[in-house]
Amino acid sequence: MDFLKWVLAIYTLSTFLATPIVSISILNKQELANISANFLNLAKSPKLFDWVVKIRRTIHENPELGFEEFETSKLIRNELDKMEIYYKYPVAVTGVVGYIGNGKPPFVALRADMDALPIQEEVEWEHKSKIPGKMHSCGHDGHVAMLLGAAKILQEQRDDLQGTVLLVFQPAEEGGGGAKKMLESGILDNVDAIFGLHVSVNSPIGTVASSSGPIMAGSGFFDAVIKGKGGHAAIPQNTIDPILAASNIIVSLQHLVSREADPLDSQVVTVAKFKGGGAFNVIPDSVTIGGTFRAYSKESFTQLKQRIVEVITRQAAVQRCNATVDFDTTNRPFYPVTVNNKALHEHFRNVAGQMLGIDKIIEKKPTMGTEDFSFFAEAFPGYFYVLGMVDETQGRFESGHSPFYRVNEDVLPYGVALHASLATTYLLEHRLKSTTQDQSVHDEL
Ligand SMILES: [Zn+2]
Ligand SMILES: [Zn+2]
């Protein structure tokens with residue numbers, strides 16, 4: 001959609017809303033309390049449920065990797081067109097941002113990631129991935145379907161929305177930093193708050209889990225090349241052995257967390273790659289190692305990064321090797337710590353509590369995993385939560401990134417309803433707040 005069309009759309013909507021068809025009184029306190037329950041009923045209605053399932057299965061059959069989500073993006077735009085929802089495209093290559101509401105602030109965003117993984121699906125079912133070596137094994141197909149389902153509900157309620165909902169379909173969550181690129185486009189500059197979710201195999205269906213403050217680590221990746229001098233394995237004195245140097249480097253890297261970090265400040269350094277040599281009797285010229293490092297604060301992250309370089313280069317020098325370290329942040333940007341906003345946590349507890357019962361809200365322990373939602377939550381108040389989908393009667397649910405990963409489709413209505421409820425009530429509350437503030441100003445005058 002071009003800019004002019006969007007402006008015209010907003011103008012039309014604004015003119016339409018200038019007639020006081022909608023008033024805050026339409027959604028009174030009792031209705032506010034019922035919004036979550038009503039939206040869940042809507043989301044569970046066979047018509048909407050079947051539609052969301054169908055979208056999820058279509059995307060599941062056609063997985064696309066980060067920044068290649070062209071067909072997924074097209075499907076999203078087709079559905080938005082059918083619902084007559086305005087959107088902007090392309091954003092960050094394949095991303096789409098839809099708009100529902102009156103085009104005015106407050107602006108609340110809901111986010112879904114679109115990318116799949118380079119994994120061959122091993123689950124035998126009717127809607128198995130049709131693309132060899134690619135699979136939605138992190139549930140992002142479900143995330144897109146849920147956001148479209150929420151869009152359907154929100155679009156039906158558009159005249160009651162007290163502001164604007166942005167539907168953020170982002171590319172490349174799995175390491176590509178799609179969220180960062182979306183932010184760099186400037187399209188989200190006016191966002192007041194953002195909500196994101198992830199399906200989870202760690203908690204039961206009908207529950208949600210999250211917490212206030214930092215919930216996921218900041219992360220980075222590194223590659224290092226350790227150069228020595230190759231030669232005959234039986235004449236080591238004529239070589240400079242990079243395999244031995246790399247081995248010492250790996251052991252030294254383990255001291256960063258065990259000896260230099262505060263034991264109460266969670267950090268990880270893992271060397272997950274080691275490539276060198278190809279024969280029993282040849283010492284290679286060089287070895288490549290690579291891995292990841294994680295921390296829960298910017299300071300610890302920066303410190304780890306610096307020490308990784310020092311340890312690798314200096315330990316290599318001890319063994320008469322040369323080493324270079326590459327963080328390749330162009331292709332694999334550092335992810336910030338994911339921090340959940342305190343006020344949004346309260347908002348989430350209210351909404352989810354009304355919908356599911358307060359006992360279904362699980363306090364989520366922080367993990368060393370990462371999410372590129374962190375870029376959004378760093379730019380404006382953000383809130384990320386997980387949706388439980390375990391139902392023991394449906395067998396074992398393998399963890400994300402497994403070739404045997406399955407999404408329990410019964411989870412979809414919960415995501416649809418939570419998205420729609422969180423956004424609707426956020427707008428209402430903030431609209432009410434600003435109206436009250438305006439009122440008090442007038443009172444003083
Ligand atoms: Zn993943
Ligand atoms: Zn994921």
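**Exercise 1. Determine the strand order of the open eight-stranded sheet in this predicted model, and explain which strands lie at its edges.**

Solution. Step 1: the eight strands follow the order 1-2-4-3-5-16-6-15, with mixed pairing. Step 2: strand 1 (86-91) and strand 15 (361-363) each have a single partner strand, so one side of each has no neighbour in the sheet; these two are the edges. Step 3: direction ignored, neighbouring strands of the sheet are turned by 25 degrees against each other on average.

**Exercise 2. Describe the pairing of strand 1 with strand 2, and identify the helix that lies across strand 2.**

Solution. Step 1: strand 1 pairs with strand 2 (residues 95-101) in the antiparallel sense, over four bridges. Step 2: within this pair, Tyr86 is placed opposite Tyr99 of strand 2. Step 3: helix 5 (residues 140-156) lies across strand 2, and also across strand 3 (107-113), strand 4 (164-170) and strand 5 (193-204). Its direction makes an angle of about 145 degrees with strand 3.

**Exercise 3. Decide whether Lys181 is buried or exposed.**

Solution. Step 1: Lys181 belongs to helix 6 (residues 178-184). Step 2: there are 20 other C-beta atoms within 10 Å of Lys181. Step 3: burial requires 20 or more, therefore Lys181 is buried. Step 4: the C-alpha atoms of Lys181 and Ala92 are separated by 5.4 Å, although the two residues are 89 residues apart along the chain.

**Exercise 4. Locate the largest nonpolar core with respect to the domains.**

Solution. Step 1: this core has 108 residues, and Leu147 and Ile226 have the most contacts inside it. Step 2: helix 11 (residues 412-444) gives the most to the core, 11 residues. Step 3: domain 1 (3-216 + 337-442) and domain 2 (218-326) both contribute residues, so the core lies between them.

Methods
Residues are numbered from 1 along each chain as its sequence is written. Chains are lettered from A and ligands numbered from 1 in the order in which they are written. This is a predicted model: local features need pLDDT of at least 70, side-chain atom pairs count only at pLDDT 80 or more; totals for chains, interfaces and linings use all residues. Two strands pair if DSSP finds at least two bridges between them. Axes are lines fitted to C-alpha atoms, for helices over the stretch in contact, and angles run from 0 to 180 degrees between N-to-C directions. Two residues are in contact if their C-beta atoms, placed from the backbone, lie within 7 Å. A residue is buried if 20 or more other C-beta atoms lie within 10 Å of its own, exposed if 12 or fewer, and partly exposed in between; C-beta atoms are placed from the backbone. A nonpolar core is a set of buried Ala, Val, Leu, Ile, Met, Phe, Trp, Tyr and Cys residues joined through C-beta atoms within 7 Å. Domain bounds come from an automatic or database domain assignment.
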